[in-house]
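The following exercises concern a predicted model. Each task is followed by a solution that proceeds step by step.

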Amino acid sequence: MAESHNSLSGDRFLAYATLTPSAFVLFLLAGVPTVTVFLTSMQDIGMGETSGPFIGLDNFIWALSDPTFYSALWHTFVWVFGSVSIEMVLGLGLALLLNRTFVFRGAARAIILAPYLVPTVVAVMTWRYMFHDIVGIINAVLIDVGIIDGPLLWLSSQSLAMFSVIMVGVWKFFPFAVIALLGILQSIPQEQYEAARIDGASPFQQFMRITLPYVMPVFLLTALLRTIWSFHKFEIIYLMTGGGPLDSTTTLPILVYLKAFSDFEFGRAAAVAILTFGILCILLGGYFILIKRAEARQ
Amino acid sequence: MTTTFTASTTDAAPRRNREMADVQYLATRAMTYLLVLTAVSVIGFPLFWMLLCSFKPGGELYAVPPTFLPQIWTLQNYRDLFVQTNFLTYFANSLIVAGGATFASLVIGGLGAYSLSRFKFFGIGAFSNIALVCYMLPEVLIVLPLYIYVVKLGLADTLFSLIVANTAFTLPLALWFMRSYFNAIPVSLEESAMIDGCTRLQAMMKITVPLALPGIVSVGVFSFNHAWNEFLFALVFTSSETKKTLPLGLATWIGQDNIYSWGMLLAGAVLVTIPVVLFYLLVQRKLVVGLSEGGTKGE
Amino acid sequence: MARVEIKDIGKVFADHTAVSNINLTVEDGEFLVLLGPSGCGKSTLLRMIAGLELPTYGDVFIGERKATRLQPKERNIAMVFQNYALYPHLTVYENIAFPLRVRSVEKKLIDEKVRSAAELVGLTRMLNRKPRQMSGGERQRTALARSLVRDPDVFLLDEPLSNLDAKLRHSAREELRQFQDRIGVTSIYVTHDQVEAMGLGDRIVVMHAGTVRQVGTPEEVYLYPADTFVATFMGSPPMNLVSVGNVTLGFRPETFLPETNFQTDIATTRISFLVHRVEYLGGDQLLYGTVGGTLPETAAIARIPSSVHYSPTVGTEAKFAVANVDLRYFDSGSGKALIPTDEEGIMARRAAHG
C-alpha cells in the first residue's frame, strides 16, 4: 500500500455517510433549481403554465431591451448603495459610541440592536403606521415643529417613496454593522492607544491611524455582506410599497416577483432573475478586487 | 488636574485627584451621554410607539394630530385579534414551519458539519465552498423553480413545502456555523473516547455532540428566527387562510384599513416580536455559558 | 500485559514522510521512551500503535495479535494525551468510569474499579468535580486513573507532563515511574524532554526525521551516542564536537576539566581552552569558550562542579584536558560513531555493558 491515509478506512465511509444528507438537500434545493431556472428562462411560458416551448434567448433579449428592466436596475442601485452606505456610517458611529464606557451601556446596546431582532413584517407595519399621511406621527411632529406646512406623502409619492423605504431598511439592518464593528473595536489592544498617547497623538489622530486601519478589513467585509443581502432583499420593499407608486420602488427582485406571480410570465421572470444574479456576481468580483487591494496596502 | 493644594487640608487623609475636576473629561462625558440618549430615543422610538399605540382604543389611533400617551389604556386590540382573526392559526403554522425547518437543518447540517470538521477527503473542501455559494443564492432566483416543483408535486398550499424550502436556506448557515463549533472541540477528546472503547459514531454522540450543544442551540435559534420571519416562500407557496404563517397573515392585513384596524395590526406586531426577543435573551445567556465552557475545552 | 512489536513501519502523509522503516520491540512490562525533537515522527509512531493512524506500510503486533488494522477500541490499550483529553462535561468520577461504561460493565463493578483507581492516584476526594475545577496536576492524575481503570495491555503516554509547571513536572515524573513499577504494565512514553526520558525510561529510542537513531538504556545513549545528532540532543549543555579532518572528536562538558584536576596516572588528552564567558549556576559553573592549540578553533563548553576549585580568567588560554576514556569519535562525513581504537576505550565499553 503506497497511498497515504489520514484516517482509518472505516472513517471514509462515515465521512461520506454523514455528508450525504446535506449534499443531497443542497443538490435538490439549490443545484437542481439553478439548472431549472436556466431552462425556464429559455421557454415561452403562458399564463397558468409552468413550462412551454423553447425560444432560445428571447426572454433575455426582451429584458435587455425593455425600459422596466433598466429602471428596476437603477432602483436597485439606489436602494443598495443608499441603504448600505448609510448603514455603514451609522454603524461605525454607533459602534464607536457603544465602545465607550458609560452607565446603562448594556441597556443602550440592547435598544440600539433591537431593530435587527424584530421581524421584518413588524418593522414594516410600525413604520407604515408612522409614515401614514394623516394619522402618522412623523408628519404630525414635522408640522408641529414647523419644518413642513402640510402632510408629506411618504410612501405614496414617487419622489419620496424610495427615500422612505431606504430609511426603514437602514433602521432594520444597521445593527448588523454595529455588531460586527463593535466586535473588532473591542479586540484592538489598548496598548496601541497608550503608546500613541505617549507619542503625543490627538484623539483624532488616534482614530485615523489606529482605529480605522484596524477595523477596515471587517468594515469592508460587512459592507460586502450587506451589499449582497440588500441586493436581493425582497420582502421589506414589497411590504412597504409593493414596488410602487407606479414603479418608483420596483427593484430587480420585485420585478422578478411581479413578472412571475402577477403577470405570470415565468420565462421572462426567470431571465430577469438570472440577470440579477449575474449583476450581483460582477459586483462581488469588483468588491473582492477592492478588498484585496485594501489588504495589500496594509 | 485643576485641584489645588491648600494649607487648610490638614487632615491626615491623603488628597485625592478627582477625574471629575477635569473640565475636558466632564465635557467628553456629557457629550457621550447626549449622543447615547439621542441614538437610543431615535432608534428605539418605532418599537416604543408600536407598543404604546397597541394599547390605544380604535378612535384614538385615527386622531389628528395623534395623541402621545394613550388617553384610555385598553386591551381591546389584543382581544379583537384573538376573537376576530385567525391569529392563533397563523401562530401555530409559523411554529410548525419554523420548528420543522430548524429540526431538519440541525440534524442534516449537524451530520454534515461533523464530516466537514473531522475529515479531510477528496471533495470535502470543495463542498464547504459550494455550501457558501448556496447561501449567497438570491431567494427570488430559487423561488421560481421551487414553485414549479411544488405545483407539479401537488405540494402547493402545504406547510410541508414551506418546511422544505426554509431548510434549503438555513442548511448552508447551519453547516458553516456548526463546523466552526465542532472545530473548536479538540479531536483528542474523540480519539481518547475511541481508545476508551467507543466506535467513531459513539465518540461523536457521547463526547462531541454534548460539548457542541451550546453552539447547536444557537444555530437552532438562528434557523428558527429565519424561518419565523420568512415571507417570500409563504407568499408564493400558500394561498388559503388556514395555511398562512404569521408574516404572511399580518402582511395581508396591511392596507386593508377598512376591515382591520391599525390597533389589531400593532397588537399583532407586539405579539410576534415578543417570542423572538425572549428567545434571544434566553439564548444570549446560554451562549455566554457556552463560551465559558468552551474556554476550558479539552482540559 | 503484552509485548509490542513494530515491523518495518512507515507513514507517508500527502506532503511529507512522518515515519520511515522503523523496527522496534517493546518487551513485556518495559517502560520505553520515544525521544526526539518536535516533528521527528515520535507522536505519529505512537498514534499508529494506538490505532489512530493507519500505517502506510508495515505492521504492528500487540501480544501475539497482528493489530495493524484493528480499531483503537479492539486493541485494549490506554492512552494519556498531552492535553489529557478529559471530557469537560463529565465529572472526574464519570471520566474515570467512561471506558467501563462504554463496555457496559456492571454498575457495582464500575464503582469499585473507579474508587480503587482514584485511590491509587490520590483523587478520592475530588470525584465530583468537573475537570475545569482542577489543577494541572490533578487533571493529569485523572487522565492516568481513566487510562488504567480497565487493565490495559499497553499504556501509551503522549507528552503527559509537558503541560505542568517545572516543579510539578518533577514530582509527577517520580509518581508516574513508581506507579508503573507497581502495576508493571508495558508503557510507551513520548517526550521531547531528554531529562524526562533519562529519568523514566528503561530504554530510550532517540528519533530524528522519522527514523530511529539509537535504542538503548539511558546510560548507553548518554555515554555512547550512536551519532553526532544523539550526542548533541542528549545532555544539557550538549556534547562538545571538534572536527579534526575526517574524524570528529566528542567530549561532554562535565569531562572537560582543568588539567590540574586529573591524577597523573590517568591517560588524558590535553586541549587548550580560551574562556570567553563564565556562567555561575550554583552547583557548578559553565565556561563558554573556544578550544584551540593543536585543534581547529571550535566553540566549546566546560562544566566545572563547585567541588573543583577553579577560578577562570576570561580572555586567557588555560590548559584543559579530557580523560581518554571519555573521548568519543565520530565520522565527520556520516556523523556515525567510530569504535574507539585505544585500549581504554574498549575496556570502558565492556564495563558499561556489564
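**Exercise 1. Determine which residues of strand β8 of chain C point to either side, and state whether they are buried or exposed.**

Step 1. One way from β8(C) point C:T186, C:I188 and C:V190, while C:S187, C:Y189 and C:T191 point the other way.

Step 2. A residue counts as buried if 20 or more other C-beta atoms lie within 10 Å of its own. All of the residues named on either side of β8(C) are buried.

Step 3. Because 6 of the 6 residues of β8(C) (residues 186-191) are buried, this strand is largely enclosed by the rest of the structure.

**Exercise 2. Identify the strands joined to β8(C) by bridges, and give one residue pair for strand β3 of chain C and one for strand β7 of chain C.**

Step 1. Strand β3 (residues 31-35) of chain C runs parallel to β8(C), with 5 bridges between them. Within this pairing, C:V190 in β8(C) is the residue opposite C:L34.

Step 2. Strand β7 (residues 154-158) of chain C is likewise parallel to β8(C) and joined to it by 5 bridges. Here C:F155 has C:S187 of β8(C) as its bridge partner.

Step 3. C:L34 can be followed further. Not counting residues up to four places away in sequence, C:L34 touches C:K42, C:L45, C:L46, C:I188, C:Y189, C:V190, C:V205 and C:M207.

Step 4. The largest nonpolar core has 237 residues; those touching the most other members are A:V272, A:A273, B:L144, B:L266, C:L34 and C:L156.

Step 5. A record also covers part of chain C: an unreviewed UniProt entry lists residues 4-234 of chain C as "domain: ABC transporter". In the model, this span is 37% helix and 26% strand, and its end C-alpha atoms lie 26 Å apart.

**Exercise 3. Trace the pairing of strand β12 of chain C: which strands are its partners, and in which sense do they run?**

Step 1. Strand β11 (residues 240-244) of chain C is joined to β12(C) by 5 bridges, and the two run antiparallel. In β12(C), C:T248 is the bridge partner of C:S243.

Step 2. The hairpin of β11(C) and β12(C) has 2 residues between the strands, and C:G245 there adopts a positive phi near 60 degrees.

Step 3. With strand β18 (residues 328-331) of chain C, β12(C) pairs over 4 bridges, again in the antiparallel sense. C:L249 has C:Y329 in β18(C) as its bridge partner.

Step 4. Since 4 of the 5 residues of β12(C) (residues 247-251) are buried, the strand is largely enclosed by the rest of the structure.

**Exercise 4. Give the strand order of the open sheet of 5 strands in chain C, and explain why each of its edge strands has one side without a neighbour in the sheet.**

Step 1. The order is β13-β17-β14-β15-β16 (chain C), and the pairing is antiparallel.

Step 2. β13 (257-258) and β16 (298-305) of chain C each have a single partner strand, so one side of each has no neighbour in the sheet.

Step 3. Between β14 (residues 268-280) and β15 (residues 284-291) of chain C, which run antiparallel, there are 7 bridges. C:Y288 in β15(C) is the residue opposite C:R277.

**Exercise 5. Describe the side of chain A that touches chain B: how many residues are in contact, and which helix supplies the largest share?**

Step 1. The contact involves 63 residues of chain A and 68 residues of chain B.

Step 2. Several helices of chain A each supply at least two residues of this side, including α3 (67-98), α6 (137-145) and α12 (266-297). The largest share, 17 residues, comes from α1(A).

Step 3. By class, this side of chain A comprises 46 nonpolar, 11 polar and 6 charged residues.

**Exercise 6. Assess the make-up of chain B and the confidence of its prediction.**

Step 1. Chain B contains 12 helices and 0 strands. Buried residues account for 44% of its 299 residues.

Step 2. The mean pLDDT of chain B is 81, with 87% of its residues at 70 or more.

Step 3. Among the elements of chain B, helix α4 (residues 87-118) has the highest mean pLDDT (91), and helix α12 (residues 262-294) the lowest (71).

Step 4. The pLDDT is below 50 over residues 288-299 of chain B, a stretch with 24 contacts in the model beyond near neighbours in sequence.

Conventions:
Residues numbered from 1 in each chain as written. Chains lettered and ligands numbered in written order. Predicted model: local features only at pLDDT ≥ 70, side-chain atom pairs only at ≥ 80, totals over all residues. Pairing = 2+ DSSP bridges. pLDDT = per-residue confidence, 0-100. Contact = placed C-beta atoms within 7 Å. Nonpolar A, V, L, I, M, F, W, Y, C, P; charged D, E, K, R; others polar. UniProt positions renumbered as here; feature names shortened; annotations may be inferred. Core = buried A, V, L, I, M, F, W, Y, C linked by C-beta atoms within 7 Å. Buried ≥ 20, exposed ≤ 12 C-beta atoms within 10 Å, placed from the backbone.
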